[in-house]
Amino acid sequence: MVAAFVAVLLPIIIEWLFRRRRRRVELPTIRFLLRNKEQKKVKRQDRILLMVRMLGIFFLVLAIARPLIRRGLGGSSRRHVVVVLDGTGSMNQQVGITTAFSLAQKKASAMVRGVPAGAVVSVVLLGDKAETVLERETDAQTAAARIESLRCGSGAAPMAVALESTKDLLARGREETPEICIFSDFQKHTWATDNNASRVVSQTLNSLSSQSETFLVDVGGKPAFNYMLTDLRPEEYLMSAGMPVRFRCAVESWRPPKDAKATVTFLVNGVKKDVREVQPGEQSLSITFEHRFTQPGEYLVEAVLEGDEYRMDNHRYCLCTVPENVQVLVLDESAPASAPGAADGAEAVADSAYFARALAPPTHPGAERVSRFSVKVVQPSQLDFENIDKYAAVVLAGVGAVGEPAAAKLESYVAEGGALWLFLGPRVDLYQYNKVLFKEGKGVLPCRLTAASATQPVNGEPPHLRFGDSTHPALASLTGAGSADARFLQYMGLEVPGDARVVMALSNGAPVLVEKPFGRGKVLLADFTAGLGWTYLPATAEFPILMQELMRYLIGNPDTSVNLSVGDRFEQPVFVSTQHLLVRYPDGHKARLTPHERADRKNAWVLSLEDTRQQGLYEVVDAPAEVMPRLRFVVNQKPAGGDLSRFDRDELADALGHGNWRWIAPESSFDELVSRRLEVTELAPAVLWGLALVLGGESLLAMYFGRRRGGVAA
């Protein structure tokens, strides 16, 4: 419409077309005409009316062109407002009667509702990761509602991740004029975890602020101190009903006062079991709670800390599986075929008798149990009739030959998280083991077996175990040089590959215990017999300790997959089908998930959930127990976010450098400094009012000049 300004020349053109033509007048004298002053006034009046009419056409064309005033903008007619919301755990801190995140939501939604039509809005949320929840939304009301629906999580991802996501977002729209508003409490842990994180944040923030207007909006409070629970776990992961369990809880503090006092409450399935009063200090404080589970089942253990205002890190969860006994299946060719499988009936003649007694020592009736393990000894041929998934570990006690079906069953068992322990002995078929179990490094056997050989004394001393030479975590309770009485008479040669680990070696340097991860489980190879065939070790006092510690390590923590940290992925196999499952979050809302097919197995499905930004208990609801191994899991906050130290403007500038960004303190007027700078004022209404005034003035002048001319003519 700017081209229409040519219409301003219309009055001049009309005046030129209809101007008065000169004509000759025959008069005896022209002195009276030369002295006519009224003619000069008429010409002056015509010029005034001409300019007023040209001004009226100018205002009319200007109003149709709809001129706009954009504050703080330039370069493009399309605006792109990017809102970056800090949703890390520290944003749950109390600020007045609300939280820092709620305050950020309120300010951000009010700002978005004030953007004019034609602008686009994007929203980036930082929690355990950076997520673009809204990209180039044209409806301001929809964008504001989306901001208000967001929830603050418990994650603690660095701000560098959100800034990189913002940079990638802006790179996808080069024809726009971007404006960035970052709402944060400016926690030092979020903005500058270390020197490398500070460098990345500084470079990215300066790059963004040089290309677009960038506002840093401080919504944080001023916490005086903070108590936090950083750990809750059992001292022994393998638990059983009827035996005591000790849970260790860690309490840390940030800027504790001199008279610091707090209480820690220990709960099991929501029932209060114990309360302790503690005095948090500069050093971490460890508290131990003892509990005895009377019945087998799954239990939710909680610890609650009270004494400060920041509640986000005052809760800790632990989901525990408590069986009646930790069951171990032993395959032994020397076990009686008619035995029902109980260890008591097989110990008298089986080669695995020493091993079975070491794991599950017999007790007298009425006496308290001393072991969490129970052992079942069967012949290898009974493996096809056993549901090995219910056993925590499977042991091959010198089995001579393993068929391919049995090997495939064991491989599947270990790959799904099971534990396999193989003892060697004189019955072992080297060729069959290497072919079916080792499979050129692709099977469950940790290393290739070579021919057995008798041991030779070294420096007059027979080969034996030297516990103190091993740094393996399973042998922490066994120290010293060992006993020469536990000498080894014979062992096989082991070709240990690079993906296997030597747990322990003999005094002559020969590897005797080798472990290897396989799938989600572990395999342990013992280069000796489970009985007294190749070594006198089972007859020593260290043997029960060694067997139980190695078995605990081999089985590991059966609850690892259901005790997660914020941002971890929950994954469980699904046994039924690909039907939808409903997951309930800690805040009560539910989400529908669909199992997907596994990549490593056909006709098998797995359920995955990556949205674990909330701390608390998650549960698969309205589903039978046979659908999945575990229907519940817990998510805990990472302890690193408990330090609530914050940056102010000067500290942030010193840490990240002075960029083109603008700081908005909590006490500043946000509407004045940000919202109004993002407004667009339309001038067309004012121009139309100006046109009305010009037309009114032109009419009055024309009427006035006309009357004067009429009077003169008369």
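This report describes the salt bridges, the surface patches and one helix of a predicted model.

**Salt bridges**

The predicted structure contains 34 salt bridges. Three of these pairs are set out in the table, each with the separation of its N and O atoms.

| Pair | N to O distance | Separation in sequence |
|---|---|---|
| Arg552 and Glu236 | 2.7 Å | 316 residues |
| Glu411 and Lys439 | 2.8 Å | 28 residues |
| Arg520 and Glu416 | 2.9 Å | 104 residues |

Arg552 and Glu236 form a salt bridge in which the closest N and O atoms are 2.7 Å apart. Arg552 belongs to helix α13 (residues 542–555), while Glu236 sits in the loop between β9 (226–234) and β10 (244–254), so this pair ties together parts of the chain that are 316 residues apart in sequence. Arg552 counts as partly exposed because its relative accessibility is 21%, a value just above the 20% under which a residue is called buried. Glu236 is likewise classed as partly exposed, at 23% relative accessibility.

The side chains of Glu411 and Lys439 also meet in a salt bridge, at 2.8 Å from N to O. This pair links distant parts of the chain, with Glu411 in helix α11 (residues 404–415) and Lys439 in the loop between α12 (430–438) and β20 (448–454). Which of the two classes, buried or exposed, applies to Glu411? Glu411 has a relative accessibility of 15% and therefore counts as buried, the limit for that class being under 20%. Lys439, with a relative accessible area of 34%, is partly exposed.

In the third pair, Arg520 forms a salt bridge with Glu416, and the closest N and O atoms are 2.9 Å apart. Arg520 lies in the loop between β23 (511–518) and β24 (521–526), and Glu416 lies in the loop between α11 and β19 (419–423); the pair therefore ties together parts that are 104 residues apart in sequence. Both residues are partly exposed: Arg520 has a relative accessible area of 46%, and Glu416 has a relative accessibility of 24%.

Beyond these pairs, salt bridges link Glu235, Arg246, Arg248 and Glu290 in a network.

**Surface patches**

Two charged patches are described here, one of each sign. Lys40, Lys41, Lys43, Arg44 and Arg47 form a positive surface patch. Lys40 is located in helix α3 (residues 38–65), and its relative accessibility of 58% means that Lys40 counts as exposed, since that class begins over 50%. A negative surface patch is made up of Asp648, Asp650, Glu651 and Asp654. Asp648 is placed in the loop between β32 (632–636) and α14 (649–656) and is partly exposed, at 37% relative accessibility.

A nonpolar surface patch is formed by Val6, Leu9, Leu10, Ile12, Ile13, Ile14, Trp16, Leu17 and Phe18, which together have about 950 Å² of accessible area. Leu10 belongs to helix α1 (residues 10–17) and is partly exposed, with a relative accessible area of 44%.

**Helix α4**

Helix α4 comprises 14 residues (100–113). From first C-alpha to last it reaches 20 Å, close to the 20 Å expected at 1.5 Å a residue. Its buried residues are Ala100, Phe101, Ala104, Gln105, Lys107, Ala108, Ser109, Met111 and Val112. An α-helix has 3.6 residues a turn, so residues three or four places apart point the same way.

Note on methods: Residues are numbered from 1 along each chain as its sequence is written. This is a predicted model: local features need pLDDT of at least 70, side-chain atom pairs count only at pLDDT 80 or more; totals for chains, interfaces and linings use all residues. Side-chain values use heavy atoms; hydrogens and water are left out. Patches are made of residues with over 30% relative accessible area and no salt bridge: like charges are joined within 9 Å, nonpolar side chains (Val, Leu, Ile, Met, Phe, Trp, Tyr) within 5 Å. Accessible areas come from the Shrake-Rupley method with a 1.4 Å probe; for residues, only the protein chains shown count as cover. A salt bridge is a side-chain nitrogen of Lys or Arg within 4 Å of a carboxyl oxygen of Asp or Glu. Lys and Arg count as positive and Asp and Glu as negative; His and the chain ends are not counted. The place of a charge is taken as NZ of Lys, CZ of Arg, CG of Asp or CD of Glu. Helices (H or I, at least four residues) and strands (E, at least two) are DSSP runs, numbered from the N terminus. Buried means under 20% relative accessible area, exposed over 50%, partly exposed in between (1.4 Å probe, protein chains only). The expected span of a helix is 1.5 Å times one less than its number of residues.
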